[in-house]
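Me: I am new to protein structures and would like to learn how the words used for them are justified. Could you go through this one with me?

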Amino acid sequence: MLSNKRILLIVAGGIAAYKTLELIRRLRERGASVRCILTRGGAQFVTPLSLAALSGDRVYDDLFSLTDEAAMGHIELSRDADLLVVAPATADLLAKMATGLADDLATTALLASDKPVLVAPSMNVRMWEHAATRANIETLAARGVLRVGPGAGDMACGEFGEGRMAEPDEILGAIEAVFRGDAPAVTPSGGAPARNRPLEGRKALVTSGPTHEAIDPVRYIANRSSGKQGHAIARALADLGARTTLVSGPTALADPAGISVIHVESAAEMLAACQQSLPVDVAVCAAAVSDWRTAEEAGQKMKKDGGGPPALALIENPDILRTLGEAGNLRPGLLIGFAAETEKIVEHAKVKLERKGADWILANDVSPATGTFGGDANVIHLIDGDGVEDWPRMSKEEVARRLVERIAENFVAKA
Ligand SMILES: Cc1cc2nc3c(=O)[nH]c(=O)nc-3n(C[C@H](O)[C@H](O)[C@H](O)COP(=O)(O)O)c2cc1C
């Protein structure tokens, strides 16, 4: 696939530059030739010697080099390549690209090129979310610059969120897609390449999994929710382009790539994480939030001391769906709740729609015979202001796709 392809790889000054070394190795394993431009910032993170050794070529870093200009000048560098890849693409370099600056070899080669350009952004979450960076990314996308990632996760700076450079394999996949001729404008880090991204520019919030309500330091009240449905919905939203935050209770599931995941335990923590994620265009409350918690959490492990079992006084937990429904200006544009019922499914869900101020309720039968809790399939009844839609039994992935397509249609209809 990459045999004889010529990649001009621009390595800028981001902490993720170390991952680029692995990318060079993988590209060359697949038969591509790699020529590197190293920015001044980039040279603080990887050495020209490492890049030269891995690429098997000399490294270019000086715009005003008489010898380089005579042998392989800045125009030839971009002319000679089939594809320009910027990894890591720093906030600084993206800003320069968007503005059209050409004040060093990297920016000059980028400006002098008419070849496809793929960027792999890498930066702190606040830098990524800054309005200046968002505007630069949009400008570059409008000019046809392709992008892979960034993903979400723990950052080298100790923070958590979106901004991690895509992994070498993901960048490799995006490069191969360019040469196959089917590169999406944006390959979400870790997500499936999606051509049709109707939720691009929308912000989504999903809750998933159970909550754990502490009784004492070692015991808690929980439920059988696996988180499979909520996680699938978060993935489906991100696949259609939404910037998605997943607030997850304790589950055995891996964090979906390309999504900001906030891990919580209790209903109170889940509510706080949701409120902190507002405003959003759409919120899907798929978590099985415990209705009650103990009135008081014992500070020490409760002892079996012969005095009989303790009486646990329970109090009601905050209602997350209803609180979001009453969030005034911050109310999600489209608010969707799940109703897990074991009897009178639709009847109870209709009451819930009304009481909680939600726009849609997805009612599902979670009685043990259905295997819904923990299983891979679901039977949904979607209730909105117009009535009830009965969906056939389908996998939780299919439920997620169908729901997210309906969400996208809703935004189109309202636009
Ligand atoms: C330790 C350290 C880590 C940095 N990591 C990043 C990063 O991951 N992403 C980024 O955009 N800038 C990062 N910066 C800031 C850039 O290095 C700085 O903006 C530099 O001017 C970028 O130059 P360049 O884009 O020409 O390579 C970091 C700076 C330091 C000191």
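Me: What makes strand 15 and strand 18 count as paired, and in which sense do they run?

Reply: Good place to begin! Two strands pair if DSSP finds at least two bridges between them. Strand 15 and strand 18 (residues 334-341) are joined by four bridges, so they pair, and they run parallel. One of the matches is C285, whose bridge partner in strand 18 is G337. Strands and helices here are DSSP runs (E over at least two residues for a strand, H or I over at least four for a helix), numbered from the N terminus.

Me: Before we go on, where do the numbers come from, and what kind of model is this?

Reply: Residues are counted from 1 along each chain as its sequence is written. The model is predicted: local features need pLDDT of at least 70, side-chain atom pairs count only at pLDDT 80 or more, and totals for chains, interfaces and linings use all residues.

Me: What is the mean pLDDT of the chain, and where does pLDDT stay under 50?

Reply: pLDDT is the predictor's confidence in each residue, from 0 to 100. The chain has a mean of 89, and 95% of its residues reach 70 or more. Over residues 191-195, however, pLDDT stays under 50, although the model has 13 contacts for them beyond four places in sequence. Where pLDDT is low, the predicted coordinates should not be read in detail.

Me: Why are both faces of strand 15 called covered?

Reply: A residue is buried if 20 or more other C-beta atoms lie within 10 Å of its own, exposed if 12 or fewer, and partly exposed in between, with C-beta atoms placed from the backbone. In strand 15 (residues 282-285), V282 and V284 on one side and A283 and C285 on the other are all buried, so both faces are covered. In a regular strand the side chains alternate between the two faces of the sheet.

Me: What pairs with strand 15 besides strand 18, and over how many bridges?

Reply: Strand 10 (residues 203-208) pairs with strand 15 in the parallel sense over four bridges. There A204 stands opposite V282.

Me: Which sheet do these strands belong to, and what makes a strand of it an edge strand?

Reply: Eight strands form an open sheet in the order 14-13-10-15-18-19-21-22, with mixed pairing. Strand 14 (260-263) and strand 22 (387-390) are the edge strands, since each pairs on one side only. Neighbouring strands are turned by 15 degrees against each other on average, direction ignored. At one edge, strand 14 pairs with strand 13 (residues 243-248) in the parallel sense over four bridges, and L246 has V261 as its bridge partner.

Me: Which helix packs on the sheet and touches strand 10, strand 13 and strand 15?

Reply: That is helix 10 (residues 228-239), whose direction makes about 165 degrees with that of strand 10. Angles run from 0 to 180 degrees between N-to-C directions, along lines fitted to C-alpha atoms, for helices over the stretch in contact. Helix 13 (residues 345-356) also packs on the sheet, and its direction makes about 145 degrees with that of strand 18.

Me: How do you know where the domains lie, and how many residues link them by contact?

Reply: The bounds come from an automatic or database domain assignment, which gives domain 1 (6-187) and domain 2 (203-414). Four residues of domain 1 are in contact with five residues of domain 2, where contact means C-beta atoms, placed from the backbone, within 7 Å. The domain centres, taken over C-alpha atoms, are 39 Å apart.

Me: Why is N4 called exposed?

Reply: N4 has 8 C-beta neighbours inside 10 Å, and the limit is 12 or fewer, so N4 counts as exposed. N4 lies in the segment before strand 1 (6-11), and its phi is positive, about 70 degrees, although N4 is not a glycine.

Me: Which residues does the cis peptide bond with omega of about 5 degrees join?

Reply: G149 and P150 are joined by that bond, and P150 lies in the loop between strand 6 (146-148) and strand 7. Another cis peptide bond, with omega of about 0 degrees, joins L278 and P279.

Methods. Two residues are in contact if their C-beta atoms, placed from the backbone, lie within 7 Å.
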